[in-house]
Amino acid sequence: MNRLALLAVGVAGLTVLAAGPASAATPEAAADQTVTTCGNSGLQAGLLTRLCAEVTGNTVQFYGKVSLAGPPSPGSPAPAPKELSTTLSTEVVGAGAPPLTQDKPVVFTSTTLDVRGPASTVPCGATVRGTFGVASFPWSPRPVVHEVTLTC
């Protein structure tokens, strides 16, 4: 074969291979996958906080993450456990319903802590806002916020 014929056969083969996996994906498989997104982090009670959302189909679950704001200094003692008061709220934006709020006391040691809220089923196309606040005497909460829009 000449070079032009080999090039044409190679391009045709790559086109078939590239089209194969795309046609194998089904919308049902994509709807069953969980997509996790997280908002910006913030400092609360001297700790790093972040709010994340897991979306599966038209179900959304928010969870707050609490961790050390940075690594401890070499040779320093481990941080003492800290009692925290957490508040996690979720609401469908524009629905007019009051937010669903969960207050939960937790004890933070030095490892990342997840504070999960309840899962909620919401209509496709709705935007859901989550708010996560952490307080520990003498610090008051400075909540972090994250919004997701369900595209089921």
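**Close-up views of a predicted model**

**View A. Ser-89 and Thr-131 across a strand pair.** Ser-89 has Thr-131 of β9 as its bridge partner. The model shown here and in every other view is predicted. The two strands in this view are β5, residues 82–92, and β9. They run antiparallel and are joined by eight bridges.

**View B. The open sheet around β5 and β9.** Four strands make up an open sheet in the order β6-β5-β9-β10. Their pairing is antiparallel. At the edges lie β6 (100–108) and β10, each of which pairs on one side only. From one strand to the next, the twist averages 20 degrees. The Ser-89 and Thr-131 partnership of View A belongs to the pairing of β5 with β9.

**View C. A cis peptide bond before Pro-138.** Phe-137 and Pro-138 are joined by a cis peptide bond. Its omega is about 10 degrees. Pro-138 lies in a loop, with β9 (127–135) on one side and β10 (144–149) on the other. For comparison, most peptide bonds are trans.

**View D. Ala-45, a residue with positive phi.** Where does Ala-45 sit? Ala-45 occupies the loop between β2 (42–44) and β3 (47–56). Its phi is positive, about 55 degrees, yet the residue is not a glycine. Most residues other than glycine have a negative phi. Is Ala-45 buried or exposed? The relative accessible area of Ala-45 is 3%, so the residue counts as buried, the cut-off being under 20%.

**View E. The disulfide of Cys-38 and Cys-52.** How many disulfides does the structure hold? There is one. The sulfur atoms of Cys-38 and Cys-52 are 2.0 Å apart and form this link. The link is right-handed, with 100 degrees about the S-S bond. It connects distant parts of the chain, 14 residues apart: Cys-38 belongs to strand β1 (residues 34–38) and Cys-52 to strand β3. Cover differs between the two ends. Cys-38 is partly exposed, because its relative accessible area is 38%. Cys-52 is buried, because its relative accessibility is 0%.

**View F. The hairpin of β3 and β4.** Strands β3 and β4 run antiparallel, with nine bridges between them. Two residues separate the strands of this hairpin. In the turn, Gly-57 has a positive phi of about 65 degrees. Further along the pair, Ala-53 has Phe-62 of β4 as its bridge partner. How well covered is β4, residues 59–67? Of its nine residues, seven are buried, so the strand is mostly covered.

**View G. Strand β4 with β7 and β8.** β4 also pairs with strand β7 (residues 113–116), by four bridges and in the antiparallel sense. Here Arg-116 of β7 is opposite Tyr-63. β4 has an antiparallel pairing with strand β8 (residues 120–121) too, over two bridges. In that pairing, Val-60 is opposite Ser-120 of β8.

**View H. Arg-116 over the ring of Tyr-63.** Which residue places its charged end over the ring of Tyr-63? Arg-116 does, at 4.4 Å from the ring centre. These two residues also stand opposite each other where β4 meets β7. No aromatic pair accompanies this contact: the search of the whole structure finds zero.

Technical notes:
Residues are numbered from 1 along each chain as its sequence is written. This is a predicted model: local features need pLDDT of at least 70, side-chain atom pairs count only at pLDDT 80 or more; totals for chains, interfaces and linings use all residues. Side-chain values use heavy atoms; hydrogens and water are left out. Rings of Phe, Tyr and Trp (its six-membered ring) pair if their centres lie within 6.5 Å; planes under 30 degrees apart count as stacked, over 60 as edge-to-face and the rest as tilted. A charge sits over a ring if NZ of Lys or CZ of Arg is within 6 Å of the ring centre and within 35 degrees of the ring normal. Buried means under 20% relative accessible area, exposed over 50%, partly exposed in between (1.4 Å probe, protein chains only). A disulfide is a pair of cysteine sulfur atoms within 2.5 Å. Two strands pair if DSSP finds at least two bridges between them. Axes are lines fitted to C-alpha atoms, for helices over the stretch in contact, and angles run from 0 to 180 degrees between N-to-C directions.
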